[in-house]
Amino acid sequence: MDTRDPRRVVCVLIDGVRHDVLQDLLDRGDLPNLGRWVIESGGLTSGTTVFPSTTGVAYIPLLFGRYPGPAGVPGIRWLDRAGVDRGPVDRWRAARSYCGPQAGWINRDITCGPSIFELVPQSLAICTPIIRGLSRGSHLMPVRRALLGAAAHYCGSYAALDRAVANAWIAAARRPWRFLFVVFPGPDGLTHLYDPTHATVLEACRRIDRALGEFMRRSLAAGEPPAVFVVADHGASAVHEHRDVALELESMGVATLRHPFHVWRGAARAAVMVSGNGAAHVYLLDYALEASDVREHLIRLPGVALAAYRDGRRGVVIARGHMRARLVDDGECLTYEPLLGDPLELGRQSGLDDRELLARSLATDFPDAPRQLLQLLSSPRSGDVVLAAERGVDFREAWEIPEHRSGHGSLIADHMLVPIAASIPLPDVPVRTVDLMPTMLEVLGVRFPDGPALDGVPFSRLGTPAGAAL
Ligand SMILES: [Zn+2]
């Protein structure tokens with residue numbers, strides 16, 4: 001790759017900001033720099049993220065162009081079954097949680113590749129948990145991220161963390177790079193503390209917009225402006241009730257491996273690994289449980305919006321209360337077959353292209369659910385049953401410190417829909433966050449190497465750019 005190539009891309013991740021929150025702020029004139037530097041020449045749309053719709057996991061599509069299932073990271077917590085039968089330390093290691101001392105392990109757990117950082121050696125990144133492929137010294141402010149991140153988590157000082165990100169971003173404007181990945185954790189952290197439309201979340205967005213303006217002014221002074229992508233990794237909604245799935249299993253007499261305290265225990269018959277906290281993987285470690293009515297019980301738990309499990313014939317069963325449907329991907333197209341009721345309210349669909357089904361699912365309660373359930377359950381690291389929470393509910397007791405008053409992780413529209421803005425024209429068809437990585441590579445003129453295909457498709461191959469003459 002020509003290191004003097006003038007083409008440059010910035011990807012700004014506003015963690016957890018809802019698409020409608022960003023749109024409202026824009027409509028009010030509160031984000032003038034987003035309008036001027038990004039949307040004016042490109043556009044803003046509501047795209048979809050991945051399931052589980054949670055921090056870290058939902059960065060993988062942006063950086064690798066793959067879904068979490070094929071990437072081998074099915075949740076922010078998941079169970080490595082191989083370690084369960086060993087000693088307590090191995091069990092602690094097997095009960096993966098990227099929300100604590102194992103946070104950095106996400107980089108070695110990802111089984112796909114390469115990342116955009118590897119493909120674009122002149123990459124810089126600010127405040128990201130995923131750094132695989134970044135060259136030494138290219139992850140800016142790692143120590144400040146650790147210190148300010150911990151302070152923000154426990155004390156709510158997200159403004160200080162975001163300010164440090166903004167300063168590092170603005171300072172990077174004059175450095176040589178071709179791909180720059182900038183993460184603002186503030187909106188997500190403040191959403192968990194309060195709610196997605198809280199004044200502190202709105203102010204965090206305004207601050208990010210001001211930083212964008214300053215960054216672009218400095219970039220212009222240094223040469224050609226970069227292409228800019230602004231995206232969120234997931235949405236969010238208020239949580240009114242914690243329905244702890246692990247405690248439900250315990251109340252049925254099923255000893256359950258779970259965070260935060262019961263990850264050492266031996267002789268567990270099940271494990272529950274929660275993400276976001278609106279998604280849960282349930283692992284049935286005792287085969288007797290598979291034959292029992294435990295799965296049915298889980299599906300019918302109050303607060304469970306949707307459940308899915310493998311049917312043993314390369315299909316996935318989707319359950320919602322008493323309703324059942326079967327989903328199969330034969331590699332060419334998808335078949336969605338309602339068996340009892342119609343849990344996804346899609347009607348029978350056969351021979352549909354993946355993108356057609358995405359478009360149809362957008363109007364339902366579970367945007368992109370068919371593809372997202374298939375990709376997640378394709379991973380052997382996923383649970384035997386996967387649960388998605390109803391709006392207002394999450395799957396963990398108040399273990400989070402501080403308690404989550406809002407959350408994400410589920411397959412519901414509030415969590416799955418995200419803003420996607422780009423300074424290049426957007427296609428006039430639905431887009432996913434997984435499409436950004438191949439799109440950004442295309443803008444940079446970097447070819448993806450032969451090998452396993454990406455899950456994303458570049459914007460240029462997705463449809464007529466919105467606003468382009470036909
Ligand atoms: Zn997030």
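In this predicted model, Ile 126 offers a good place to start. Setting aside neighbours within four places in sequence, Ile 126 is in contact with His 139, Leu 140, Met 141, Val 165, Ala 168, Trp 169, Leu 180, Phe 181, Val 182 and Val 183. Ile 126 belongs to the largest nonpolar core, which holds 105 residues. Within that core, the residues that touch the most other members are Leu 34, Ile 126, Trp 169, Phe 179, Leu 180 and Phe 181. Three of these names, Trp 169, Leu 180 and Phe 181, also appear among the contacts of Ile 126. A second core lies apart from this one and has 26 residues, among them Ile 318, Ala 325, Leu 334 and Leu 377. Such groupings fit a broader pattern: in soluble globular proteins, nonpolar side chains tend to be buried together.

Strand β7 covers residues 179–184, and the loop between β7 and α9 (186–193) contains Pro 185. Is this proline buried or exposed? With a relative accessible area of 16%, Pro 185 falls under the 20% cut-off and therefore counts as buried. Beyond its close sequence neighbours, Pro 185 is in contact with Asp 15, Cys 127, Tyr 158, Leu 161, Asp 162 and Val 165. Val 165 is also one of the residues in contact with Ile 126. The C-alpha atom of Pro 185 lies 9.4 Å from that of Ala 152, although 33 residues separate the two along the chain.

Asp 15, one of the contacts of Pro 185, leads on to the metal site. Which residues hold the zinc ion? The protein donors are Asp 15 (OD), Thr 55 (OG1), Asp 233 (OD) and His 234 (NE2), at 1.8 to 2.2 Å from the ion. The four donor atoms make angles of 97 to 122 degrees, and the site is tetrahedral. Along the sequence, the donor residues follow the spacing D-x39-T-x177-D-H. Both Asp 233 and His 234 are buried.

Helix α10 runs over residues 199–222 and gives a simple check on geometry. Its 24 residues, at 1.5 Å a residue, should span 34 Å, and the end C-alpha atoms are 35 Å apart, so the two values agree. Directly after α10 comes Gly 223, which takes a positive phi of about 150 degrees.

Another part of the fold is an open sheet of nine strands with mixed pairing, in the order β11-β12-β13-β19-β14-β15-β16-β17-β18. At its edges stand β11 (256–257) and β18 (349–352); each has a single partner strand, so one side of each lacks a neighbour in the sheet. Further in, β12 (residues 270–275) and β13 (residues 279–284) run antiparallel and are joined by six bridges, with Ala 270 opposite Leu 284.

Strand β13 also pairs with β19 in the antiparallel sense, over four bridges, and here Ala 280 has Leu 387 as its bridge partner. How many of the residues of β19 are buried? Five of its five residues are, and the strand is mostly covered. From β19, Val 385, Leu 387 and Ala 389 point one way, whereas Val 386 and Ala 388 point the other way. This matches a general rule, since in a regular strand the side chains alternate between the two faces of the sheet.

Next in the order comes β14 (residues 304–310), which is largely enclosed by the rest of the structure because six of its seven residues are buried. Four bridges connect β14 with β19 (residues 385–389) in the antiparallel sense; Val 304 stands opposite Ala 389, and Ala 308 faces Val 386. Strand β14 also pairs with β15 (residues 315–320), again antiparallel and over four bridges, and Tyr 309 is opposite Val 317. The hairpin of β14 and β15 has four residues between the strands, and Gly 312 takes a positive phi near 80 degrees there.

Finally, helix α16 (residues 413–416) contains Asp 414. Asp 414 has a relative accessibility of 13% and so counts as buried. Apart from close sequence neighbours, Asp 414 is in contact with Arg 18, Gly 235, Ala 236, Ser 237 and Arg 391.

Conventions:
Residues numbered from 1 in each chain as written. Predicted model: local features only at pLDDT ≥ 70, side-chain atom pairs only at ≥ 80, totals over all residues. Heavy atoms only, no water. Donors = N, O, S within 2.8 Å, 3.2 Å for Na, K, Ca; no water. Tetrahedral: all angles 85-135°; square planar, octahedral: opposite > 155°, others 65-115°. Buried < 20%, exposed > 50% of the residue type's maximum accessible area, 1.4 Å probe, protein only. Core = buried A, V, L, I, M, F, W, Y, C linked by side-chain atoms within 4.5 Å. Contact = heavy atoms within 4.5 Å. Helix = DSSP H or I, 4+ residues; strand = E, 2+ residues; numbered from the N terminus. Expected span 1.5 Å × (residues − 1). Pairing = 2+ DSSP bridges.
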